[in-house]
Amino acid sequence: MIKKLNLSAINKLFDGLKGSWDNRAVVRNKILDYELDYDLDIPDFMEDLLPFKNHPLYEDSSQAVKSKILSCGWLIYNEKTVNIETKIISPACINIIDKKFDLFLAENIRENIAQVLTDESYHTLMVIKANALTMKKRQLAPFRFPDFDLVSNMQTMLGNLNCSKDKMLLGLACAIVSEMSISDYLSKLSKESSIQELNRQVIYAHWKDELSHASAFKKILEMAYCGFSKKEIDSLIKYINVARAWFESSELNVWRSVLLQIGFLSCEKMLNECQNEVRDANNKIFWNYSEIEDVIQRL
Ligand SMILES: [Fe+2]
Ligand SMILES: [Fe+2]
């Protein structure tokens, strides 16, 4: 049984999100200091997030190699963020702003989603700048990144769908999964004091914005339940479940390519041996889908 929408509560929420943007948004406030001291002895990324952190070939590497691999982890993490912002969230925001979905859209909701779109553009700039700075400080040449599993899986499925509405629903599902689960992930990473302070601040700044986006997309999911046809809701839930698995990918193909580019030639054996083990254990701990499950259960 689908519940009726409480339109005044929805308006109140989006008025609040819209009204707090000037004070909250990273793009509107000078929160990040790219001139912060950079200590080459402090790692760029958390070892815990490496999918091969327990493999002997990694464990037995020199400190210099481990440090370089952790810098690669930071570059990959940021490059994945660029992909999520530009290929998943931004297109979904544009579809919402263009009123492509039956979402009872009031102008304050469109305005808030336009703010989200602006935030995501700024997050893209933020992590591109962070990567440029890391490469400069660590004297790393730019990498060639292959497609991320997350994006290539989505694009393959989009290519297999014939109906344009289904394509938009898949895009919306991916955006909902990302926006409703990423803030928990960022919150945990932003408390990590063992990494380069600027890197932690980039994650923290991103998390502050994503907290607000999570509320907006939670409401969008609730509105979808009330505005969509039964067939559309079924498709949306099906795509949400598919997308969840994509987000948990450890992106071993990207790792293989990057490790080869830094000359870690035994990576093939290491990654092959990791892929059937606990490769996604960390991601499963970090990606929290409880909010999505709660909305689906409730409605
Ligand atoms: Fe973002
Ligand atoms: Fe976001």
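**Close-up views of helix packing and selected residues**

**Helices α4 and α7 cross in a left-handed manner.** The contact is formed on the α4 side by I84, I88, I89, P91, A92 and N95, and on the α7 side by M168, G171, L172, C174, A175, S178 and E179. Sorted by class, the residues of this contact of α4 with α7 comprise nine nonpolar, three polar and one charged. The two axes come within 9 Å and cross at roughly 115°. As in the other views, the model shown is predicted.

**Confidence of the predicted model along the chain.** The mean pLDDT of the chain is 91, and 95% of the residues score at least 70. Confidence is highest in helix α4, residues 63-97, where the mean is 97. Confidence is lowest in helix α12, residues 281-286, where the mean is 56. Helix α4 recurs in the views of the packing with α5 and with α7.

**Helices α4 and α5 pack at an angle of about 160°.** Helix α5 spans residues 107-138, and its axis lies 9 Å from that of α4. The two helices are therefore roughly antiparallel to each other, an angle over 145 degrees being the criterion for that term. Their crossing is left-handed. The contact of α4 with α5 contains 15 nonpolar, nine polar and four charged residues.

**L117 of helix α5 and its contacts.** L117 is placed in helix α5. Beyond its neighbours within four places in sequence, L117 is in contact with S90, C93 and I94. For C93, the C-alpha atom is separated by 6.2 Å from that of L117, although the two residues are 24 residues apart along the chain. L117 has 19 other C-beta atoms within 10 Å and is therefore partly exposed, since 20 or more would be required for a buried residue.

**T86 of helix α4 and S121.** T86 lies in helix α4. In sequence, T86 and S121 are 35 residues apart, whereas their C-alpha atoms are 7.6 Å apart in space. T86 counts as partly exposed because it has 15 C-beta neighbours inside 10 Å, a count between the limits of 12 or fewer for exposed and 20 or more for buried.

**K99 in the loop between α4 and α5.** The phi angle of K99 is near 55°, a positive value in a residue other than glycine. Most residues other than glycine have a negative phi. K99 is exposed, because 10 other C-beta atoms lie within 10 Å and the limit for this class is 12 or fewer.

**E251 in the loop between α9 and α10.** The flanking helices are α9, residues 230-247, and α10, residues 252-261. E251 is not a glycine, yet its phi is positive, at about 55°. E251 is buried, because 22 other C-beta atoms lie within 10 Å. The views of E251 and K99 thus present two loop residues with positive phi: E251 is buried, whereas K99 is exposed.

**Helices α6 and α7 cross at roughly 160°.** Helix α6 covers residues 149-160 and helix α7 covers residues 164-190, and their axes come within 9 Å. The two helices are therefore roughly antiparallel to each other. The passage of α6 by α7 is a right-handed crossing. Contact is made by M154, M157 and L158 of α6 with K167, L170 and C174 of α7. By class, these residues divide into five nonpolar, no polar and one charged. C174 of α7 takes part in this contact and is also listed in the contact of α4 with α7.

**D209 of helix α8 and the residues it touches.** Helix α8 spans residues 197-227 and includes D209. When residues up to four places away in sequence are not counted, D209 touches A25, V26, D119 and H123. D209 and D119 are 90 residues apart along the chain, and their C-alpha atoms are separated by 7.3 Å. D209 counts as buried because it has 25 C-beta neighbours inside 10 Å, the requirement being 20 or more.

Notes: Residues numbered from 1 in each chain as written. Chains lettered and ligands numbered in written order. Predicted model: local features only at pLDDT ≥ 70, side-chain atom pairs only at ≥ 80, totals over all residues. pLDDT = per-residue confidence, 0-100. Helix = DSSP H or I, 4+ residues; strand = E, 2+ residues; numbered from the N terminus. Axes fitted to C-alpha atoms, helices over the stretch in contact; angles between N-to-C directions. Parallel < 35°, antiparallel > 145°, perpendicular 65-115°, else oblique. Left-handed = near helix turned anticlockwise from the far one by under 90°. Contact = placed C-beta atoms within 7 Å. Nonpolar A, V, L, I, M, F, W, Y, C, P; charged D, E, K, R; others polar.
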